[in-house]
Amino acid sequence: MLRPITPQDAAAVAALVRAAFAEQSVATDPPASALRLTPADVCAHLAAGGGGMVAEEAGAPVASIMWSEMDGGLYVARLSVAPASRRRGLARALLAAAEETARAAGLPRLHLGTRLALLDNRRLFSSAGFVEVRRHAHPGHAEPTWVAMEKRLTAVAG
Ligand SMILES: CC(C)(COP(=O)(O)OP(=O)(O)OC[C@H]1O[C@@H](n2cnc3c(N)ncnc32)[C@H](O)[C@@H]1OP(=O)(O)O)[C@@H](O)C(=O)NCCC(=O)NCCS
């Protein structure tokens, strides 16, 4: 049910990401840039060597993740599950696919950024093995607004 995102998915994935981020658990300040994701952005991401996965149900994408190699690891972004498909483990499955991709590429870590206000997201990432690395503030904000998290990947003994 999980398969790599292709340029043919650009419009559907961009719409899915915008719909998912429009239904976060709390409204964030500033609003997520994912709310403005366009099909052209998805194509540009793929053309630049980025990747990702989409989960389909009945031929329609219901969840997706995007990633790119950055700062010595695989950076995951735009993790999105359609509101009607949440709490069924799709996000965990997509994170596991990202981890598999990082391991296959010999990368030692996965990393991401999430808003401090999104406690449910932080709990999900923590329970998937991510730890908080550093807190950051968006421009114009005196207090931190988002946190960088990472998951160190140790070699699997074979
Ligand atoms: C964050 C998001 C991707 C999570 O997607 P999801 O598919 O609901 O996540 P999962 O089902 O894999 O896991 C979420 C929770 O549901 C639980 N769960 C999973 N399957 C379940 C089931 N069958 N029954 C009950 N709970 C379940 C998980 O244990 C997890 O619980 P936790 O919050 O206590 O850790 C989704 O809510 C979303 O798209 N949010 C808007 C966009 C966003 O914020 N993206 C992340 C930006 S950093």
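Guide: Before we look around, a polar contact here is a pair of N or O atoms within 3.5 Å. The model is predicted, with local features needing pLDDT of at least 70 and side-chain atom pairs pLDDT 80 or more, while totals for chains, interfaces and linings use all residues. Residues are numbered from 1 along each chain as its sequence is written, and side-chain values use heavy atoms, leaving out hydrogens and water.

Visitor: Thanks! How far is V81 from the ligand's oxygen atom?

Guide: A backbone N or O atom of V81 sits 2.9 Å from a ligand oxygen. R88 has a polar backbone atom 3.1 Å from an oxygen of the ligand, and for G89 the distance is 2.7 Å.

Visitor: And how much of the ligand does the protein bury?

Guide: The protein buries 73% of the 950 Å² that the ligand exposes when taken alone (Shrake-Rupley areas, 1.4 Å probe).

Visitor: How many residues surround it?

Guide: There are 19 around the ligand (a heavy atom within 4 Å), and the closest include Q24, L79 and N121. By class, the shell has 8 nonpolar, 7 polar and 4 charged residues, with Gly counted as polar.

Visitor: Which helix gives the most to that shell?

Guide: Helix 4, with 4 residues (helices are DSSP runs of H or I, at least four residues; strands are E, at least two). Strand 4 (73–81) and helix 3 (90–104) are among the elements that each supply at least two.

Visitor: Switching topic, where is A44?

Guide: A44 belongs to helix 2, residues 39–47. Its C-alpha is 9.7 Å from that of A10, 34 residues apart along the chain.

Terms used:
Polar contact = N/O pair within 3.5 Å; in protein donor to acceptor, adjacent residues only side chain to side chain.
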